[in-house]
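Colleague: I am new to this structure and would like a close look at a single part of it. Could you take me through the salt bridges, and one charged residue in particular?

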Amino acid sequence: MDLLGDLGANDQLTSTRAENKVLLAKVKELEAKVSELNLTNATLLAEVEMYRKDAALPSFSNLALGAASMEEDDTPKSSYFVQSGNGDYPKEAAVTLTSLHGPSNPLCCALHPTDDSLLVTGGADSCVSVVQWGAALSPSPDASQKTVEDAVRYSCQGGPVVAAAFGGVGGGSGCFVGCGCMDGSVTVLSYDSMEKSLTVVGGVVVKHSRYVKDVVWSPRDPIVATSSADGTVYLTRVNNGALETVSTLHLSGPVEAMAFLDGDTLVVYVRDTPYLSYFDLRDDMKQTTHSLNVAGPTGKSD
C-alpha cells in the first residue's frame, strides 16, 4: 500500500509540476504582452503630449471658427496666402508596409533624393528604419512582408523619432541619415546599402532643448540643418567621420519647416510669422525675408 501511495504521490507531483510549467509559460507570455502594451501606451502618451503642447491654431483659422469677421477688410482672406497645384493628388496606395515599427506608429518618413525606392521612417518605438520599399512591388504574395523584414533599423536613445531625412552626399555605397527625437537629440547615421547597416557618425549627438521639428540636408554638401520647437536651427557638417558645427540660429518661435533652396540658401518658416526667412550660407547666414501674403490687410503687398 505504501508503494502504491508513493506512486500516486509521485504522479500527482509530476502533474502539478507540468501544470506549473504551463502556468509559468502563460505568465511569461502575459508579461511580454504587458510590456508591449506599456510601450505602446508610453509612445502614444508622448505623441499626445507633443501635439497637445505645441499644436497651435494659426490666426487665420479663427475665421473658420467664427471668431472674427470680414468687416475689417473686404479682401477675401483666402487671397492672403500663396496657392499652387492643380488639385490632383494620389488616391491609392502603391504598397502597404505593415508593422514597419512593430505595434508602434510611424511618425515621419522621407524618400532618398536620388533613389526614390529607398525610404527612411521614424517611429514611436524610438527606431529609424531604412527600407527598399520598391521591393514590395514584386509580384510575390509575401513581397510586402519580406520588405519589412529586410528593413535596416537603428534604435535611438532620445525617444520617439519625429523627423528623419536622407543626405544625398555620402561615401562609397551609402549615404547619410539624420534623425531627430522627442528629447531634442539628433543622430547622424551612415547607411551602407551593400552591408545593409546603419552606424552612428562620429559618436556625437546634436542636442536641442526641445523636440525636433525638421531635419533637412544640403543637396550639395554633407551639411544637415535641424530645427526645434525651442526656436533654434543647428547646421552641422559631416567631415571625415566627425560632426562639425557650421552655424546656430536663434529664432522667435518654433521652427515648423525648412528646406534648402540650393546648396547655399536655407529657407526657414517660424510659427506665427507671415514670411519665409532665407539664410545665405556664403554670407555668414545673412537673413532676408519674403512675405507669404499676396496682399495684406491694407490691400498692398507686404
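Modeller: Let's start with Asp264, which is buried in this predicted model, with a relative accessible area of 13%. That value falls below the 20% limit for a buried residue. Asp264 sits in the loop between β14 (255-262) and β15 (265-270), and two arginines meet its side chain there, Arg220 and Arg282.

Take Arg220 to begin with. Its side chain forms a salt bridge with Asp264, at 2.5 Å from N to O. Arg220 belongs to the loop between β10 (212-217) and β11 (223-228), and the two partners are 44 residues apart, so this pair links distant parts of the chain. Unlike the buried Asp264, Arg220 is partly exposed, with a relative accessible area of 46%.

Now look at Arg282. In its salt bridge with Asp264, the closest N and O atoms are 3.8 Å apart. That still counts, because the cut-off for a salt bridge is 4 Å. Arg282 lies in the loop between β16 (275-280) and β17 (286-291), and Asp264 in the loop between β14 and β15, so this pair ties together parts that are 18 residues apart in sequence. Arg282 counts as exposed, at 62% relative accessibility.

Arg282 has a further partner to find on your screen. Asp280 also forms a salt bridge with Arg282, and here the closest N and O atoms are 3.3 Å apart. If you step from residue to residue, you can follow a path from Arg220 to Asp264, on from Asp264 to Arg282, and from Arg282 to Asp280.

These contacts belong to a network of salt bridges that links Arg220, Asp221, Asp264, Asp280 and Arg282. As background, side chains of opposite charge can pair when their charged atoms come close. For the wider setting, a search of the whole structure finds eight salt bridges.

To retrace the picture, put Asp264 in the middle of your view, as a buried residue. Then turn to Arg220, partly exposed, and to Arg282, which is exposed. With those three in place, add Asp280, the partner of Arg282 at 3.3 Å, and Asp221, another member of the network.

Technical notes
Residues are numbered from 1 along each chain as its sequence is written. This is a predicted model: local features need pLDDT of at least 70, side-chain atom pairs count only at pLDDT 80 or more; totals for chains, interfaces and linings use all residues. Side-chain values use heavy atoms; hydrogens and water are left out. Helices (H or I, at least four residues) and strands (E, at least two) are DSSP runs, numbered from the N terminus. Buried means under 20% relative accessible area, exposed over 50%, partly exposed in between (1.4 Å probe, protein chains only).
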